[in-house]
Amino acid sequence: MVREDVDEVELPGSEGYFGVLPGHTPLLSMLKVGELWYRVGQEKRHLAVAGGFVEVLPDRVTVLADIGERAEDIDLARAEAAKRRAEERLAKPVDIDVERARIALLKALIRLQVAAHARTRV
């Protein structure tokens, strides 16, 4: 769980990425697999998210995600292994749920992308 006063948020909404600043018009959106970042001052913090909902109010953003991982908490070896498994399944799409494999690949790629932010900050 993240509970912080932030200056800006960008989220992967169901219709694409969107940014939120203080005073934003209220809205509800579904979340898709993607990278969520928020800014506190000049520092951006990144999370991998998948599924769920976001509620935006003028003074608050509430994210209820099925999956949410901070960049520094992502296990790179596990994400790489998940990526390889999904790629192998998609390379031989026999008796598999192709959409499920595609989403698994997307989740692994987003985790790797988000984890790269943690490595560049250190």
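**Group meeting: salt bridges, a helix and a cavity**

I'll start with one residue: R70 is partly exposed, with 31% of relative accessible area. Please keep in mind throughout that this is a predicted model.

R70 has a partner. Its salt bridge is with D73, and the closest N and O atoms of the two are 3.9 Å apart. The cut-off for a salt bridge is 4 Å, so a distance of 3.9 Å for R70 and D73 falls within it.

Before more pairs, the overall layout. The chain contains six strands and two helices. If you read along the sequence, the pattern is β-β-β-β-β-β-α-α, which puts the strands ahead of the helices. The C-alpha trace spans about 50 × 35 × 20 Å along its principal axes. There are 122 residues in the chain, and 32% of them are buried.

Back to charges. In general, side chains of opposite charge can pair when their charged atoms come close. How many salt bridges does a search of the whole structure find? It finds eight. I'll go through two others.

One is between R45 and E43, where the closest N and O atoms are 3.4 Å apart. Are these two residues buried, exposed or partly exposed? R45 has a relative accessibility of 22%, so it counts as partly exposed. Buried means under 20%, so R45 at 22% is not in that class. E43 is partly exposed as well, at 35%.

The other is between R102 and E99, with an N to O distance of 2.7 Å. Both residues sit in helix α2, which runs over residues 98-121, and they are three residues apart, or about one turn of the helix. An α-helix has 3.6 residues a turn, so residues three or four places apart point the same way. R102 is partly exposed, at 41% relative accessibility, and E99 is partly exposed, also at 41%. Elsewhere, salt bridges with shared partners link E4, E43 and R45 into one network.

Next, helix α1, residues 76-91. The helix has 16 residues, and from its first C-alpha to its last it reaches 22 Å, close to the 22 Å expected at 1.5 Å a residue. Which residues of α1 are buried? They are A79, A82 and A86. Around the axis these three cover an arc of only 60°, so they lie on the same side of α1. The other side of α1 has A77, E88 and A91, which are exposed.

A77 comes up again at the start of α1. There, a side-chain oxygen of D75 comes to within 3.1 Å of the backbone nitrogen of A77.

Last topic: the inside. How many cavities of 30 Å³ or more are there? The count comes to one. The volume of the largest cavity is about 40 Å³. Its lining consists of V33, G34, A48, V49, A50, I67, K107, I110 and R111. Two elements give two or more residues each to that lining: strand β5, residues 43-57, and helix α2.

To recap. We have a predicted model with eight salt bridges, a helix α1 whose buried residues are A79, A82 and A86, and a largest cavity of about 40 Å³. When you look at the structure, try finding R102 and E99 in α2, then K107, I110 and R111 among the residues that line the cavity. That is all from me.

Note on methods: Residues are numbered from 1 along each chain as its sequence is written. This is a predicted model: local features need pLDDT of at least 70, side-chain atom pairs count only at pLDDT 80 or more; totals for chains, interfaces and linings use all residues. Side-chain values use heavy atoms; hydrogens and water are left out. A salt bridge is a side-chain nitrogen of Lys or Arg within 4 Å of a carboxyl oxygen of Asp or Glu. Buried means under 20% relative accessible area, exposed over 50%, partly exposed in between (1.4 Å probe, protein chains only). Helices (H or I, at least four residues) and strands (E, at least two) are DSSP runs, numbered from the N terminus. The expected span of a helix is 1.5 Å times one less than its number of residues. The arc is that of the directions from the helix axis to the C-beta atoms. A polar contact is a pair of N or O atoms within 3.5 Å; within protein, one must be able to donate a hydrogen and the other to accept it, and residues adjacent in sequence count only if both atoms are side-chain atoms. On a 1 Å grid over the protein atoms alone, a cavity is a set of points where a 1.4 Å probe fits but cannot get out, and a pocket is an open set with protein on both sides within 12 Å along at least five of seven lines; lining residues have an atom within 4 Å of a point. Grid points are joined across faces, edges and corners, and a volume is the space filled by probe spheres set on the points.
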